[in-house]
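Please read the following report alongside the sequence and the coordinates. It moves from one chain as a whole to a pair of helices, and then to single residues in other chains.

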6 protein chains.
Amino acid sequence: MRVSLSLILITILALVISFAKAYDPSPLQDFCVATDDIKIGGAVFVNGKFCKDPKQAKAEDFFFSGLNKAGNTNNDVKSNVTTVNVDQIPGLNTMGISLVRIDYAPYGQNPPHTHPRATEILVLIEGTLYVGFVSSNQDNNRLFAKVLHPGDVFVFPIGQIHFQVNIGKTPAVAFAGLSSQNAGVITIANTVFGSNPPINPEVLAQAFQLDVNVVKDLEAKFKN
Amino acid sequence: MRVSLSLILITILALVISFAKAYDPSPLQDFCVATDDIKIGGAVFVNGKFCKDPKQAKAEDFFFSGLNKAGNTNNDVKSNVTTVNVDQIPGLNTMGISLVRIDYAPYGQNPPHTHPRATEILVLIEGTLYVGFVSSNQDNNRLFAKVLHPGDVFVFPIGQIHFQVNIGKTPAVAFAGLSSQNAGVITIANTVFGSNPPINPEVLAQAFQLDVNVVKDLEAKFKN
Amino acid sequence: MRVSLSLILITILALVISFAKAYDPSPLQDFCVATDDIKIGGAVFVNGKFCKDPKQAKAEDFFFSGLNKAGNTNNDVKSNVTTVNVDQIPGLNTMGISLVRIDYAPYGQNPPHTHPRATEILVLIEGTLYVGFVSSNQDNNRLFAKVLHPGDVFVFPIGQIHFQVNIGKTPAVAFAGLSSQNAGVITIANTVFGSNPPINPEVLAQAFQLDVNVVKDLEAKFKN
Amino acid sequence: MRVSLSLILITILALVISFAKAYDPSPLQDFCVATDDIKIGGAVFVNGKFCKDPKQAKAEDFFFSGLNKAGNTNNDVKSNVTTVNVDQIPGLNTMGISLVRIDYAPYGQNPPHTHPRATEILVLIEGTLYVGFVSSNQDNNRLFAKVLHPGDVFVFPIGQIHFQVNIGKTPAVAFAGLSSQNAGVITIANTVFGSNPPINPEVLAQAFQLDVNVVKDLEAKFKN
Amino acid sequence: MRVSLSLILITILALVISFAKAYDPSPLQDFCVATDDIKIGGAVFVNGKFCKDPKQAKAEDFFFSGLNKAGNTNNDVKSNVTTVNVDQIPGLNTMGISLVRIDYAPYGQNPPHTHPRATEILVLIEGTLYVGFVSSNQDNNRLFAKVLHPGDVFVFPIGQIHFQVNIGKTPAVAFAGLSSQNAGVITIANTVFGSNPPINPEVLAQAFQLDVNVVKDLEAKFKN
Amino acid sequence: MRVSLSLILITILALVISFAKAYDPSPLQDFCVATDDIKIGGAVFVNGKFCKDPKQAKAEDFFFSGLNKAGNTNNDVKSNVTTVNVDQIPGLNTMGISLVRIDYAPYGQNPPHTHPRATEILVLIEGTLYVGFVSSNQDNNRLFAKVLHPGDVFVFPIGQIHFQVNIGKTPAVAFAGLSSQNAGVITIANTVFGSNPPINPEVLAQAFQLDVNVVKDLEAKFKN
């Protein structure tokens with residue numbers, strides 16, 4: 001009897017504790033290697049990730065392998081982003097930085113999107129890109145755009161809508177640093193027309209000055 | 001001769017100094033009342049606004065009048081945002097907060113947009129609103145939406161795409177606080193389809209899975 | 001025997017874990033909805049609030065109802081503050097903003113107080129208020145004061161002592177945004193003369209240049 | 001003619017530029033030594049202090065002399081605070097820390113006050129102090145108090161009202177670190193009853209439950 | 001049977017929870033007193049320290065005793081640092097400040113080191129010190145040095161290499177404030193030549209332009 | 001007469017204003033493109049860089065060219081760091097991120113150093129590197145080291161001493177992101193043994209347990 005009571009209590013506790021994820025914005029110790037080891041069934045989370053015991057930190061916690069491989073660009077936008085953030089390198093926890101490799105098939109694009117928590121600095125390794133960002137309403141939504149060649153670098157300021165397009169006939173490859181261990185991505189088309197559940201088509205028709213049937217088509221296409 | 005030399009030097013200096021705008025993210029003194037008084041012709045700016053001499057600060061620097069008046073909703077989206085930020089109240093400089101009044105004509109909307117530098121907390125005073133925000137790709141672009149009645153409050157997290165629609169037959173009025181003295185607004189439709197100069201229509205056609213002629217139409221409509 | 005040992009261990013764990021409250025200063029994810037669900041008996045807390053599982057976040061977590069109702073001003077200072085912070089809207093966790101409704105009976109006041117963690121921006125909806133704040137010793141404790149009418153806005157900088165007084169013959173109503181999800185309130189009279197336990201009356205008599213018996217009277221009045 | 005025009009322009013510029021004071025919250029370079037050298041007549045200020053040319057920085061910019069001398073405690077509260085912040089050591093600019101020496105005559109006190117921008121950590125060198133702080137309304141205004149002897153350390157959290165009283169028959173001396181280069185001081189009695197101009201006595205009488213004539217007496221005593 | 005299962009589960013939970021240490025960078029409540037009471041066997045950590053239940057906070061949590069006693073300087077560098085940070089005063093959690101007492105025997109030194117998370121402000125109480133810091137490569141590694149006498153104050157900017165040497169014939173005593181509750185110390189000689197395991201001597205020989213055997217000797221001396 | 005007076009005043013003003021450099025830690029506007037255009041002779045600086053007029057910002061302000069070229073490794077350590085920070089891309093001002101390309105000749109190294117203001121995330125493009133960092137005294141100066149092959153990524157936490165060595169027979173190339181627009185570099189050997197002026201050799205001899213003549217030799221070698 002008492003045993004099963006204790007099991008119930010343990011289960012509740014486990015539900016409470018497990019899957020704990022949490023980290024904090026700036027270092028208060030040498031490092032705070034993220035951990036997901038708190039998995040017994042439950043639900044304690046923080047803004048970021050919890051740390052593992054600092055004494056258990058090891059070199060592998062600061063390491064990731066595989067950015068030499070091209071991502072699979074066989075998709076609608078013909079591009080692929082390989083992300084190396086705190087989910088891939090737990091030692092990035094609290095460190096305020098992460099990295100991506102972006103592959104673009106010919107005529108592929110990384111479509112208009114924002115990072116709500118990071119500025120991006122991109123260096124082109126191979127190929128030719130047309131890149132740009134658009135400033136906010138207060139700055140009259142100006143387009144800042146450039147054609148990039150290998151060795152060129154471009155900056156996309158935090159929260160601004162930006163894109164990259166492969167305008168060459170060969171694949172393009174870029175690396176980019178982001179000023180957060182978990183920058184987030186908001187792809188405009190998918191977020192506006194492919195939300196779950198969809199936004200009322202009448203609302204989007206008015207906002208985008210589109211026929212409501214065009215919006216319904218878009219919502220069908222972007223449904224995920 | 002020397003006189004005109006001095007005038008030239010003064011002009012250069014003026015070009016250098018004027019229109020100076022600058023403030024900093026968190027208070028290091030009681031207040032840092034913004035100033036635009038540095039206007040002789042030139043160009044010194046900071047991230048935010050410069051302060052006026054603290055000894056010259058007065059009650060009026062922390063004051064604004066007129067939020068009792070409805071904004072003009074005679075426009076495409078039938079809504080109006082009256083902003084009270086550091087440009088209207090210089091005493092908000094470095095303080096990390098601002099305020100807006102939003103008026104919605106019947107069936108008007110505050111169309112999908114983001115604030116790159118602020119979370120918004122809205123309280124509805126009159127009318128009935130359908131409001132919502134969409135989370136990022138990592139959270140599967142989930143729509144968080146609610147119908148609001150007078151006295152209801154809703155929160156739009158920093159950087160997320162959100163909107164409000166008046167679904168009633170009468171005007172609606174809301175006040176909202178924003179967690180920045182200069183939150184910024186990025187209206188999605190205007191930024192994507194109305195940038196200056198326009199983004200290449202082919203790029204947007206691929207991104208939004210729209211016919212290129214539809215994109216061209218949209219770019220014509222949103223041209224500003 | 002062993003069963004009761006396990007129960008003891010569970011109890012200790014529960015004491016350790018429960019009532020956990022924690023959040024962090026700036027977002028590292030789309031949102032971090034606060035949770036108090038960690039209640040089995042114990043004591044794990046953080047600076048702010050823990051998050052609930054992001055996948056379990058829903059629109060209600062960003063919603064609050066009832067700011068259309070006047071607060072009860074039947075008290076010594078004839079005013080009432082209805083607070084909408086992270087305790088009322090868990091989705092405000094890590095977002096750096098909150099909201100209050102303040103009601104003032106005729107001749108009521110929101111007495112001199114500070115917010116240790118927030119600047120306040122107030123908009124008057126109804127009535128007539130005399131409002132002000134006093135700057136720090138370094139600025140010679142200058143009083144910045146104004147009479148407000150409906151639609152007027154005033155700013156009270158972080159940490160400065162401020163107050164509002166209804167100087168009209170009718171009730172007054174204001175809304176105010178605060179630049180923290182948990183701004184805190186330090187009412188001067190209650191904190192200085194009504195602390196638990198009371199500060200030694202001799203100390204306050206010297207500090208306020210009051211007769212020690214006047215201080216004892218005040219401490220009796222403000223005892224809570 | 002043109003000459004005097006240029007002089008007028010110079011005067012305007014000077015008014016605009018001089019007495020410039022400005023610094024920022026966290027380092028973006030090795031150091032940012034504060035400068036007040038921008039004094040020709042005018043008014044450019046920032047949140048904090050401007051820097052001097054980094055190349056002109058020298059050891060003296062990080063140095064201050066004289067904390068071995070007792071301050072003059074011949075005043076109403078029989079205590080004296082010698083402040084070493086960014087005004088005394090320009091190299092503290094952007095560094096987020098400062099230092100004070102506090103002298104207390106027998107039965108002297110550092111009366112109830114807050115630092116709006118800093119936590120304080122105090123170490124007692126000589127004498128016996130009774131020290132304390134009071135938490136906010138949300139924590140029921142609890143008094144946290146202790147008697148300190150030489151070598152004892154006590155912490156006063158940011159924004160909380162706190163005090164120190166010499167309860168010994170000999171002078172006391174303490175040093176304290178503050179978590180800001182410009183912590184600010186708000187002495188409660190002087191700020192509430194000695195503001196410039198005074199707060200309406202009726203307002204304070206209601207707030208402090210004092211007879212209006214007692215408030216008028218206090219305002220006369222604390223007038224500065 | 002079931003009993004031992006529950007014990008196993010408890011053990012796993014304990015491993016998960018115990019030794020929890022966590023705090024956050026800036027206050028979101030009056031205080032967040034650090035706790036290490038989460039010790040049953042496990043491993044939940046945060047960036048900083050967890051809080052104890054705010055209601056259980058008491059004056060002792062903000063108190064430390066013993067800085068009147070000289071530290072033991074009987075060691076290689078003839079100096080001793082007594083640290084009073086969040087490990088000694090749990091109330092320092094999230095407060096961004098700490099304190100040290102440094103004792104120097106005659107001809108003792110606090111050898112070249114950095115604090116990765118804090119600026120230091122030092123006041124000399126007794127003796128004569130030669131102190132200095134060296135700026136970064138971008139500033140040409142300039143040495144900023146001074147001889148200090150009692151009552152003199154010197155600032156060591158965050159992250160810069162600095163040192164203090166007792167150049168008098170008597171012991172020296174200093175107190176210093178640090179702009180973090182957990183500043184960290186990286187002693188250059190021990191970190192470079194005494195790491196665990198040692199850095200390859202060939203690497204250090206090239207870096208320091210030393211004979212590889214000299215490096216091996218150093219690594220033997222600094223092995224800990 | 002008056003003319004030369006005005007010229008003198010202009011010169012003073014110019015001295016005051018010129019070479020102005022200043023930026024702030026986090027964005028308060030879409031971007032704050034750094035400017036050095038304030039060069040007439042003088043000395044106004046801020047923590048970071050001033051902005052140019054936002055209306056004058058253009059795509060080139062966010063662009064840099066040339067990272068496809070190998071740096072010159074013909075030096076003592078046989079490596080070269082090409083830095084792309086706010087000095088190369090003014091649009092990085094306030095954005096909290098920068099980029100470097102590092103070239104290593106065979107057996108070359110990027111010798112032990114720290115970044116006082118940034119964490120580094122490095123991706124190896126070509127060659128084979130042995131990389132590592134050493135934690136602080138509190139963590140017992142543990143060495144975290146790895147051999148990297150193309151596509152491998154490693155993280156060096158802010159303020160920790162770290163290094164990379166080319167252990168292959170061919171040149172190596174890496175790119176790295178840094179979490180500051182002006183990370184700073186402190187090369188240990190040059191800073192300790194090559195400061196300007198040199199640190200007293202007796203001090204370093206005691207700190208590093210080296211013969212004073214060895215220190216003098218090192219100081220001669222690292223003199224710059």
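The report below describes a predicted model.

Residues are numbered from 1 along each chain as its sequence is written, while chains are lettered from A and ligands numbered from 1 in the order in which they are written. In this predicted model local features need pLDDT of at least 70, side-chain atom pairs count only at pLDDT 80 or more, and totals for chains, interfaces and linings use all residues, with side-chain values resting on heavy atoms and leaving out hydrogens and water.

**Chain A as a whole**

Chain A has four helices and 11 strands, where helices (H or I, at least four residues) and strands (E, at least two) are DSSP runs numbered from the N terminus. Of the 224 residues in chain A, 66% are buried; buried means under 20% relative accessible area, exposed means over 50%, and partly exposed is in between (1.4 Å probe, protein chains only). Among contacts (heavy atoms within 4.5 Å) in chain A between residues at least 6 apart in sequence, 70% join residues at least 24 apart.

**Helices α3 and α4 of chain A**

Helix α3(A) is mostly covered, with six of its eight residues buried, namely A:P201, A:V203, A:L204, A:A205, A:A207 and A:F208. These buried residues pack against α2 and α4 of chain A, and also against β4 (109–114), β9 (161–166), α2 (188–193) and α4 (212–222) of chain B. At the start of α3(A), a side-chain oxygen of A:N200 reaches to within 2.8 Å of the backbone nitrogen of A:E202. The helix is followed by A:Q209, whose phi is positive, near 50°.

In helix α4 of chain A (residues 212–222), the buried residues are A:V215, A:L218, A:E219 and A:F222. Seen down the axis of α4(A), they fall within an arc of 100°, so they line one face of the helix; the arc is that of the directions from the helix axis to the C-beta atoms. The face turned away from this buried side carries the exposed residues A:D217 and A:A220. The buried residues of α4(A) pack against α2 (188–193) and α3 (201–208) of chain A together with α3 (201–208) of chain B. At the N-terminal end, A:D211 caps α4(A), with a side-chain oxygen 2.8 Å from the backbone nitrogen of A:N213.

How do the axes of α3(A) and α4(A) cross, and at what angle? They come within 8 Å and cross at roughly 115°, which makes α3(A) roughly perpendicular to α4(A). Here axes are lines fitted to C-alpha atoms, for helices over the stretch in contact, and angles run from 0 to 180 degrees between N-to-C directions, with 65 to 115 degrees counting as roughly perpendicular. The contact is made by A:P201, A:E202, A:L204 and A:A205 of α3(A) and by A:V212, A:V215, A:K216 and A:E219 of α4(A).

**Backbone geometry in other chains**

Most residues other than glycine have a negative phi, and most peptide bonds are trans. The table gathers exceptions from chains C, E and F.

| Item | Feature | Angle | Place |
|---|---|---|---|
| E:N196 to E:P197 | cis peptide bond | omega about -10° | E:P197 in the α2 (188–193) to α3 (201–208) loop of chain E |
| F:N196 to F:P197 | cis peptide bond | omega near -5° | F:P197 in the α2 (188–193) to α3 (201–208) loop of chain F |
| C:T94 | positive phi | phi about 70° | β2 (79–84) to β3 (98–104) loop of chain C |
| F:N140 | positive phi | phi near 65° | β6 (129–134) to β7 (143–148) loop of chain F |

C:T94 is also buried, with a relative accessible area of 1%.

**Single residues in chains B, D and F**

B:N47 sits in the loop between α1 (2–17) and β1 (63–64) of chain B and is buried, with a relative accessible area of 0%. A polar atom of its side chain lies 2.7 Å from the backbone nitrogen of F:L28.

D:P54 is placed in the loop between α1 (2–17) and β1 (63–64) of chain D and counts as partly exposed at 25% relative accessibility. Leaving aside neighbours within four places in sequence, D:P54 is in contact with D:F31, E:D139, E:R142 and F:F45. The C-alpha atoms of D:P54 and D:F31, which are 23 residues apart along the chain, are separated by 7.4 Å.

F:T114 belongs to strand β4 (residues 109–114) of chain F and counts as buried at 4% relative accessibility.

Methods:
A polar contact is a pair of N or O atoms within 3.5 Å; within protein, one must be able to donate a hydrogen and the other to accept it, and residues adjacent in sequence count only if both atoms are side-chain atoms. Angles under 35 degrees count as roughly parallel, over 145 as roughly antiparallel, 65 to 115 as roughly perpendicular and the rest as oblique.
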